[in-house]
Amino acid sequence: MRGGQGTAGARVLRFTNCRILRGGALLREDLWVRGGRVLDPEKLFFEERRVADELRDCGGCILAPGFIDVQINGGFGVDFSQAADDVGSGVDLVAQRILAHGVTAFCPTLVTSPPEVYQKVLPQIPVKPGGPHGAGVLGVHLEGPFISREKRGAHPEDHLRSFEARAFQDVLATYGPLDNVCMVTLAPELSRSPEVIRALTARGIRVSLGHSVADLRAAEEAVQSGATFITHLFNAMLPFHHRDPGIVGLLTSDRLPPGHHIFYGMISDGIHTNPAALRIAHRAHPQGLVLVTDAVPALGLGNGRHTLGQQEVEVDGLTAYVAGTRTLCGSISPMDVCVRHFLQASGCNLESALEAASLHPAQLLGLEKHKGTLDFGADAVILYKSHPTPVSWPALDARGVRVPHWRPHPSPWLRHRLCGAG
Amino acid sequence: MTIMRLVILDNYDLASEWAKYICNRIIQFKPGQDKYFTLGLPTGSTPLGCYKKLIEYHKNGDLSFKYVKTFNMDEYVGLPRNHPESYHSYMWNNFFKHIDIDPNNAHILDGNAADLQAECDAFEKKIKEAGGIDLFVGGIGPDGHIAFNEPGSSLVSRTRLKTLAMDTILANAKYFDGDLSKVPTMALTVGVGTVMDAREVMILLTGAHKAFALYKAIEEGVNHMWTVSAFQQHPQTIFVCDEDATLELRVKTVKYFKGLMHVHNKLVEPLHSMKEGN
């Protein structure tokens, strides 16, 4: 797909001496870019009779699409669920800082909050394209308040709600206008959830199941009504049971609408999920895995007390708890660490790990034509992984300019594995 | 010197190394802005090794295609240009994307042109305007055809539309998931006469399945049922083959030409390089 008329005259960049992630494989191919989009060089050669204007030698690096994080509550001291007057600059700060983790597009996530907070905050987080200034905002992910009391996890009990009275009208009354919303997490066992799910889906909003005690039957009904995602699989839901697998059973359910499969988020920070559980889920349904950070405002801040929604959290090393308890409340592992941890824990190949953080979230959000891939016509948002010493994932914008990056996590075993893999 | 040379190498890889011949011819020609070297090119599995070697010489800085014009032999009719089995795709993936040729100088027949005969006539005209072909590299089908000049083609034919023989369709099926219904039945091809007009012709053939065709091409008479035999009447043709391709030849023929290898090798040793400023 060519860019618009205006890009036909734009400079053609050719990244060479690299391997690119395309079609589930790392191919020894050059990547051609024009006007911020990935270009088909064969078409350029035979139809426009043109060659590249500029050649960039990548020194044997791997080029991958930017990561997409569909569940991130804040970071660097910014809490998206805080009703501030200038939410926009907080979002911008996070957007800029997560580039260093390889995240080039994200869904700012709001946890269970009172209606005033939603109505103040939502209008301040519009969908916004990314660039060298920061990752793009794809839409807000609303996690709660229509969730289960028993499985609320870190969400404040006082602000939980139901929509059994007026179904979708209750949803609108709580959140206000949904223009900037791209995903809602809810518990399908709540009364009238099928009609709410259908109403949300009809507006192009993805529905995710989470913080729920639903059995498999209720979960399947929710998927038949239009739900397509599971929020942090295993966490805040009933454990898998062999006679009622619960929400986890959706991974292998035979009752899903034909041609559809379920996507499921996993926090692979080494804390929220045991590696064996990660492997079971991945092996059962590799195409549906979406890596998320579920990062809290404490991301990037270090040990101590910080705010999350209407609550206080305590950070201790790589773990964040609800202050005064042992309840986990989100992770503080950056996306590139999650990808590397998943790679190591699952023993999968690098291509699968990369797709779980790029292609799959793009598919979940219906954006895979332009995002999460390096296919022709996609937005040229590229991560550059040097080889053989794997460091962090500085993001290249479409001009191939490397944006400033965060210090790498020392992970010697990963270094060895990534050398071997690629 | 007007001679037919038969160069026999031990195996496919050594035969492919005779890409050195093409390299030397281009460099000795001293191509430049006012003097382009015109090269005719084939597709198929036989020349793949040869293309790889040419790319290697290019990547080493020994050979540039900046002042080379290419004319491919053929292209399927009705196959989209970006279909993985089109000859445009073949040439892009196996050659053009790895070298520095100007896209305006890479000519391939358009099998989706509105007026196919006009497309063929235009191709002939382009060859003429380029000053004719200096070296036409080709392959040979198991039925002895050159390009898509199937048995029965006129030996003075020009670029035109051809219906493919069943042998060819069967041979091509492996590139279309073994499904005969997916294989194109028509192609645009340069004629035997078109290739005969080239100042020099190099035919690559390897493998036992080509042996009978080689026998018919050089040990029997000129015959339109084995169109490659036409090159017996070309002033400068070189056949490059491996041992297996000689299996149907008389021992005497093979011994004679093997005995000339010391002469043949002078054509490729030394391997020239543009680095020397030749």
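**Figure 1. Surroundings of His58(B) in the predicted model.** Leaving aside neighbours within four places in sequence, His58(B) is in contact with Leu63(B), Ser64(B), Phe65(B), His98(B), Ile99(B) and Asp100(B). The model shown here, as in every view below, is predicted. His58(B) belongs to helix 3 of chain B, residues 48-59. The residue is buried, at a relative accessible area of 18%. Its side chain reaches the backbone oxygen of Leu63(B), 2.9 Å away. Leu63(B) is thus listed among the contacts of His58(B) and also accepts this approach through its backbone oxygen.

**Figure 2. The interface of chain A and chain B.** Here 12 residues of chain A are in contact with 12 residues of chain B. The buried area is about 1100 Å². Carbon and sulfur atoms give 57% of that area. On the side of chain A, Glu42(A), Phe45(A) and Phe46(A) supply 54% of the area buried against chain B. No other three residues supply more.

**Figure 3. Polar links across the interface of chain A and chain B.** Across this interface there are 2 salt bridges. One of them joins the side chains of Lys97(B) and Glu29(A), with N to O at 3.0 Å. Polar contact is found for 6 residue pairs, both partners at pLDDT 80 or more. Helix 1 of chain A, residues 41-48, provides 6 residues of the side that touches chain B, the largest share. By class, the residues on that side of chain A are 5 nonpolar, no polar and 7 charged.

**Figure 4. Cysteines of chain A without a disulfide.** The structure holds 0 disulfides over all chains. Why is Cys107(A) not bonded to Cys182(A)? The sulfur of Cys182(A) is the closest cysteine sulfur to that of Cys107(A), but at 3.6 Å the pair is too far apart for a bond. The cut-off for a disulfide is 2.5 Å. Cys348(A) is in no disulfide either, and its nearest cysteine sulfur, in Cys338(A), is 14 Å away. Cys107(A) is buried, at 0% relative accessibility. Cys348(A) is also buried, with a relative accessible area of 8%.

**Figure 5. Two cis peptide bonds.** Most peptide bonds are trans. In chain A, the bond from Gly144(A) to Pro145(A) is cis, with omega near 5 degrees. Pro145(A) sits in the loop between strand 11 (140-143) and helix 4 (168-175) of chain A. In chain B, Glu269(B) and Pro270(B) are joined by a cis peptide bond, with omega about 0 degrees. Pro270(B) lies in the segment after helix 10 (261-264) of chain B.

**Figure 6. Positive phi at Phe76(A) and Asp177(B).** Most residues other than glycine have a negative phi. Phe76(A) has a positive phi, near 55 degrees. The loop between strand 7 (74-75) and strand 8 (78-79) of chain A holds Phe76(A). Asp177(B), which is not a glycine, has a positive phi of about 55 degrees. Its place is the loop between helix 6 (166-172) and strand 8 (186-189) of chain B. Are these residues buried or exposed? Phe76(A) is buried, at 11% relative accessibility, whereas Asp177(B) is exposed, at 67%.

**Figure 7. Chain A as a whole.** Chain A has 11 helices and 21 strands. Of its 422 residues, 58% are buried. Among contacts in chain A between residues at least 6 apart in sequence, 70% join residues at least 24 apart.

Definitions and conventions: Residues numbered from 1 in each chain as written. Chains lettered and ligands numbered in written order. Heavy atoms only, no water. Buried < 20%, exposed > 50% of the residue type's maximum accessible area, 1.4 Å probe, protein only. Contact = heavy atoms within 4.5 Å. Buried area = accessible area lost by both parts, 1.4 Å probe. Salt bridge = Lys/Arg side-chain N within 4 Å of Asp/Glu carboxyl O. Polar contact = N/O pair within 3.5 Å; in protein donor to acceptor, adjacent residues only side chain to side chain. Helix = DSSP H or I, 4+ residues; strand = E, 2+ residues; numbered from the N terminus. Nonpolar A, V, L, I, M, F, W, Y, C, P; charged D, E, K, R; others polar.
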